[in-house]
Amino acid sequence: AGLLWGRSTLEWAMGELLPMRREGWMILTRRLCLLFAGLAVANEVIWRNFSTELWVTLETFAFPAVLVLFLWVQIMALQGY
């Protein structure tokens, strides 16, 4: 919704905890939107084509690990903002 409004709702929610310029918040918002869309597609593909055990394992361990790694990389990449 924030991208449609041209504003980062992340900045509104976390602006005081993570000081960053507006451009940085918009970059982070776009990248997180793409990540979550990619995770949703991966979730659907895995859920429909593989065993329930594999899906549960990936949902429990791999997807959170991807999110933490992604956020760590973004924090490093957005240091200039």
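Which helices do the buried residues of helix 3 pack against? I opened my notebook with this, keeping in mind that I am looking at a predicted model.

**Entry 1, the elements.** I looked up the secondary structure and found four helices and zero strands in the protein chain, so that my note of the order, read from the N terminus, is simply α-α-α-α.

**Entry 2, helix 3.** I then turned to helix 3, which covers residues 22-49, and checked its length: its 28 residues, at 1.5 Å a residue, should span 40 Å, and because its end C-alpha atoms are 41 Å apart, I noted that the two values agree. Next I listed its buried residues, where buried means under 20% relative accessible area, and wrote down a run from Gly-24, Trp-25, Met-26, Ile-27 and Leu-28 to Thr-29, followed by Leu-32, Leu-35, Leu-39, Asn-43 and Ile-46. For my opening question, I found that these buried residues pack against helix 1 (2-5), helix 2 (9-14) and helix 4 (52-77).

**Entry 3, the whole chain.** I compared the radius of gyration of the protein chain, 15 Å, with the value near 12 Å that a compact globule of 81 residues would have, and I added that the C-alpha trace spans about 45 × 25 × 20 Å along its principal axes. Of the 81 residues, 22% count as buried, while the accessible surface of the chain comes to about 6,000 Å², with 69% of this belonging to carbon and sulfur atoms.

**Entry 4, contacts and charges.** Among contacts between residues at least 6 apart in sequence, I read that 48% join residues at least 24 apart. Last, I noted 6 positive and 6 negative charges, whose mean positions are 12 Å apart.

Terms used
Residues are numbered from 1 along each chain as its sequence is written. This is a predicted model: local features need pLDDT of at least 70, side-chain atom pairs count only at pLDDT 80 or more; totals for chains, interfaces and linings use all residues. Side-chain values use heavy atoms; hydrogens and water are left out. The radius of gyration is taken over C-alpha atoms; the globule rule is 2.2 Å times the number of residues to the power 0.38. Buried means under 20% relative accessible area, exposed over 50%, partly exposed in between (1.4 Å probe, protein chains only). Contact means heavy atoms within 4.5 Å. Accessible areas come from the Shrake-Rupley method with a 1.4 Å probe; for residues, only the protein chains shown count as cover. Lys and Arg count as positive and Asp and Glu as negative; His and the chain ends are not counted. The place of a charge is taken as NZ of Lys, CZ of Arg, CG of Asp or CD of Glu. The expected span of a helix is 1.5 Å times one less than its number of residues.
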